[in-house]
Amino acid sequence: MIKFYYHPSPNPAKVALFLEEANLPYELIPVDTRKGEQHSPEYTAINPNAKTPAIVDGSAVVFDSNAILLYLAEKTGKFLPKNTPEQRAQMLSWLMFVATGIGPYSGQAVHFKHFAPEPKTYAVNRYDFEAQRHWGLIDAQLSKHQYMLGDSYSLVDMAVWGWARAVPFILGDKAWDNLPNLKRLLDEINARPAAQRAEALKSRHTFKTEMDEDARRVMFPQNARLDAAS
């Protein structure tokens, strides 16, 4: 059985959705990042980057959410496009775009808007601009097709869904006004029973929600350098 190391945040949500859509049996193992459990030796032996999610599938250990999606899709043969050079190229391009663009810029926009200390005007402007630009490219792609790769629901849509759930927190309450095609996809996936089961996973464990000093210390270890220099 697959061991799924999980926290209720965008990247693990993608993997949860795939596991539920593919009806793969798995053991849910909570990793409470605001308590610092991602830094434990037991977990960093699985994911040296100390982030969630990760999976252990027999002797295979996979970390990084989009790598996990691709691994599971190839393992099961599900939610992949047609096996042609053209279709595979599109799949890899958009999957990596989510990995290198959507996730990092959305995450940094959230960090500087909601958690970073002042002064931060320059950083907020940069990451908000880039997050909006990246999401605009997703919306433009979805204006041409029902799904990210055309007419078929795929692992790329799951990758997008993980972060799309947080768009108002990332870009602001009026974000959907400029992203109607993304909102259409989000609503469609949200209505799927597998997505509802994936969302319900967060209720299986009581995760720490307070962003107190202890949480900031383990979530933002870089701040220790600032404290040492002051």
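This is a short presentation of one protein chain, covering its strands, its cores, a cavity and some unusual backbone geometry.

Good morning. Please keep in mind throughout that the structure is a predicted model.

I shall begin with the strands. Strand β1, residues 2-6, runs parallel to strand β2, residues 26-30, and five bridges join the two. Within that pairing, isoleucine 2 stands opposite tyrosine 26, and phenylalanine 4 has leucine 28 as its bridge partner. To travel from β1 to β2, the chain passes through helix α1, residues 10-21, and this β-α-β crossover is right-handed. Strand β1 also pairs with β3, here in the antiparallel sense and over three bridges. In that second pairing, tyrosine 5 stands opposite alanine 54. How enclosed is β1 by the rest of the structure? Four of its five residues are buried, so the strand is largely enclosed.

I turn now to the nonpolar interior. The largest nonpolar core comprises 63 residues, and those with the most contacts inside it are Phe4, Phe18, Trp135, Ile138 and Leu182. Phe4 will be familiar as the β1 residue that is bridged to leucine 28. Which helix supplies the largest share of this core? That is helix α4, spanning residues 85-115, with nine residues. Apart from this, there is a second, separate core of seven residues, with Ile29, Tyr43, Ile46 and Val56 among them.

Isoleucine 138 deserves a closer look. If we set aside neighbours within four places in sequence, isoleucine 138 is in contact with Trp94, Phe97, Ile102, Met148, Val160 and Leu182. Leu182 is itself one of the residues with the most contacts inside the largest core. Another partner, Val160, belongs to the buried residues of helix α6. That helix covers residues 155-164, and ten of its ten residues are buried. The buried set includes Asp157, as well as Trp161 and Trp163.

Two polar residues in other helices may also interest you. Aspartate 128 lies in helix α5. Is aspartate 128 buried or exposed? Its relative accessible area is 16%, and because the limit for burial is under 20%, aspartate 128 counts as buried. Not counting residues up to four places away in sequence, aspartate 128 touches Ala109, Lys113, Ile170 and Leu171. Asparagine 181, for its part, sits in helix α8, residues 180-190. With the same sequence neighbours left out, asparagine 181 touches Asp139, Leu142 and Ser143. Its C-alpha atom is separated by 24 Å from that of arginine 197, a residue 16 places further along the chain.

Next, the empty space. Rolling a probe the size of a water molecule over the atoms shows where such space is left. The structure holds one cavity of 30 Å³ or more, and about 70 Å³ of space lies in the largest cavity. The residues lining the largest cavity include Tyr6, His7, Trp161, Arg165, Glu199 and Lys202. Trp161 is thus a lining residue and also one of the buried residues of α6. Which elements give two or more residues to the lining? They are α1 and α9, the latter covering residues 193-200. The largest share, three residues, comes from α1.

Finally, the backbone. Most residues other than glycine have a negative phi, and most peptide bonds are trans. Two peptide bonds here are cis. One runs from threonine 52 to proline 53, with omega near 5 degrees; proline 53 is placed in the loop between α2 and β3. The other runs from glutamate 118 to proline 119, with omega near -5 degrees, and proline 119 is found in the loop between α4 and α5.

As for positive phi, I would point to asparagine 23 and alanine 50. Asparagine 23, in the loop between α1 and β2, has phi near 55 degrees. Alanine 50 has a positive phi of about 55 degrees and lies in the loop between α2 and β3. Which of these settings is buried and which is exposed? Asparagine 23 counts as exposed, at 61% relative accessibility, whereas alanine 50 is buried, with a relative accessible area of 10%.

That concludes the presentation. Thank you.

Methods
Residues numbered from 1 in each chain as written. Predicted model: local features only at pLDDT ≥ 70, side-chain atom pairs only at ≥ 80, totals over all residues. Heavy atoms only, no water. Buried < 20%, exposed > 50% of the residue type's maximum accessible area, 1.4 Å probe, protein only. Core = buried A, V, L, I, M, F, W, Y, C linked by side-chain atoms within 4.5 Å. Contact = heavy atoms within 4.5 Å. Pairing = 2+ DSSP bridges. Right-handed = clockwise from strand over helix to strand, strands pointing away. 1 Å grid on protein atoms, 1.4 Å probe; cavity = no way out; pocket = protein on both sides within 12 Å on 5 of 7 lines; lining within 4 Å. Points joined across faces, edges and corners; volume = space filled by probe spheres on them.
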